Amino acid sequence: MSIIFVGTPPFAVPSLRRLASAGHAISAVVTQPDRAAGRHRTPLPPPVKLAAEELGLRVLQPENLRDPAAVAELRALAPEAIVVVAYGQILRPDVLAIPDRGVLNVHPSLLPRWRGASPIPAGILEGDEQTGVTIMLMDAGMDSGPILSQEAFAIGVNDTAASLSERLSAAGAELLADTLPRWLSREIEPAPQNNSQATTCPLLRKEDGAIDWRLPATDIWRRVRAYNPWPGAYTSLGGELLHIWRAWPLDQESGAEPRTVVEIADALNAELPAEIAPGSAFAVQTGSGILVPLEVQRAGRRVLSADEFRGGVPGLIGSRLGGAE
């Protein structure tokens, strides 16, 4: 019996490759249509399509899986199971009902915590100490189906959404490869989720990345990490967009107003990451504590370290960044 793989972004590629290497009969790979991108609006294929073609697998790219013709095509393949990894569309009950052994999903959180569209950033924003991957059976709800397997991982202080996504993508592929054959051979009993413990997270918006300097430094630091790589935590300097890609919070008050760029007291040098040379960094006063940018980027320019950026901006100390008063 065969399976159908459904996925779109880079996060899904390791799972597809791992199932193929394990010898599963993948009758088709369903992914989103090619989308126009870049200045010239050139159609670009999804990463899963590129991987599937490299593996010699059949690729289907329906505009959506609400189309009766697309559903009929999947039904005709008579899959034993469907595997979904970050497809980007909600599957309707008529699709969920196609395979005899159901639709399995790789979800990057420890369900029922962080159901929804942005579980990796959500865990960082909330200050969670751990996250993980869950293999679940999809139902008509939002990430509410019974759990087949889980694996937990610590969230490090330097983790970003990008670094966690890479780690969970690889871990999810391995967990899927272990879980799927045991599920197909009926060795696993699904475990219902405890809905009373469920939390949800919405789809990120570009405006979520705008820094409110009235927040505590620790909160802004979490946003810098959670919104890397998208939408990025950003502010402005002299009316020019400024992204902060890495930062470090310090429990220290400068006496200045929030969003003011300040010097870092020599006594705090020991609390900075080892990569920061004493006297080369700067900080921004927040609603509580100061935030030390480590990597910043002005619009259209390359990412700079704190000392590179400070050296190129005369009069930086004492200036005020854009944002809330």
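This note walks through the predicted model shown above, point by point.

1. **Before you start.** This is a predicted model, in which local features need pLDDT of at least 70 and side-chain atom pairs count only at pLDDT 80 or more, while totals for chains, interfaces and linings use all residues. Residues are numbered from 1 along each chain as its sequence is written, and side-chain values use heavy atoms, with hydrogens and water left out.

2. **The overall picture.** The protein has eight helices and 17 strands. Here helices (H or I, at least four residues) and strands (E, at least two) are DSSP runs, numbered from the N terminus. Measuring tape in mind, you can picture a C-alpha trace that spans about 70 × 45 × 30 Å along its principal axes.

3. **Inside and outside.** Of the 325 residues, 51% count as buried. Buried means under 20% relative accessible area, exposed means over 50%, and partly exposed lies in between (1.4 Å probe, protein chains only). The exposed area of the protein is about 15,100 Å², and carbon and sulfur atoms supply 52% of it. These areas come from the Shrake-Rupley method with a 1.4 Å probe; for residues, only the protein chains shown count as cover.

4. **Contacts along the chain.** Take the contacts with a separation of 6 or more: residues 24 or more positions apart account for 66% of them. A contact means heavy atoms within 4.5 Å.

5. **Charges.** The protein carries 29 positive and 37 negative charges, and their mean positions are 5 Å apart. Lys and Arg count as positive and Asp and Glu as negative, with His and the chain ends not counted. Each charge is placed at NZ of Lys, CZ of Arg, CG of Asp or CD of Glu.

6. **A seven-stranded sheet.** Follow the order S5-S2-S1-S6-S7-S9-S10 and you have crossed an open sheet of seven strands with mixed pairing. Strand S5 (59-60) and strand S10 (147-154) stand at the edges with a single partner strand each, so one side of each has no neighbour in the sheet. Two strands pair if DSSP finds at least two bridges between them. As background, strands of a sheet pair through backbone hydrogen bonds, either parallel or antiparallel.

7. **Neighbours of S1.** Strand S1 (residues 3-7) pairs with strand S2 (residues 26-30) in the parallel sense over four bridges. S1 also runs parallel to S6, joined by five bridges. Val6 is a handy residue to look for: its bridge partner in S2 is Val30, and Val6 stands opposite Val84 in S6.

8. **S6, buried or exposed?** Five of the five residues of strand S6 (residues 81-85) are buried, so the strand is largely enclosed by the rest of the structure. Both of its faces are covered, with Ala81, Val83 and Val85 buried on one side and Ile82 and Val84 buried on the other. S6 also runs parallel to S7 through three bridges, and Val83 stands opposite Leu104 in S7.

9. **Just past S6.** Ala86 is found in the loop between S6 and H4. Although Ala86 is not a glycine, it has a positive phi of about 50 degrees. With 32% relative accessibility, Ala86 counts as partly exposed.

10. **Helix H6 and what follows.** At 1.5 Å a residue, the 24 residues of H6 should span 34 Å, and the end C-alpha atoms are 32 Å apart, which agrees. The expected span is 1.5 Å times one less than the number of residues. Just after H6, Arg186 takes a positive phi of about 65 degrees. Arg186 lies in the loop between helix H6 (161-184) and strand S11 (200-201), and counts as exposed at 56% relative accessibility.

11. **Arg101, a buried arginine.** Arg101 sits in the loop between helix H4 (93-96) and strand S7 (103-107). It counts as buried because its relative accessibility is 10%. Leaving aside neighbours within four places in sequence, Arg101 is in contact with Glu80, Ala81, Leu137, Trp183, Leu184 and Arg186. Trp183 is 82 residues from Arg101 along the chain, and their C-alpha atoms are separated by 8.1 Å.

12. **Two cis peptide bonds to find.** One joins Leu111 and Pro112, with omega about 15 degrees; Pro112 is in the loop between S7 and strand S8 (115-116). Another joins Asn228 and Pro229, with omega about 25 degrees. Pro229 lies in the loop between helix H7 (217-226) and strand S12 (233-237).
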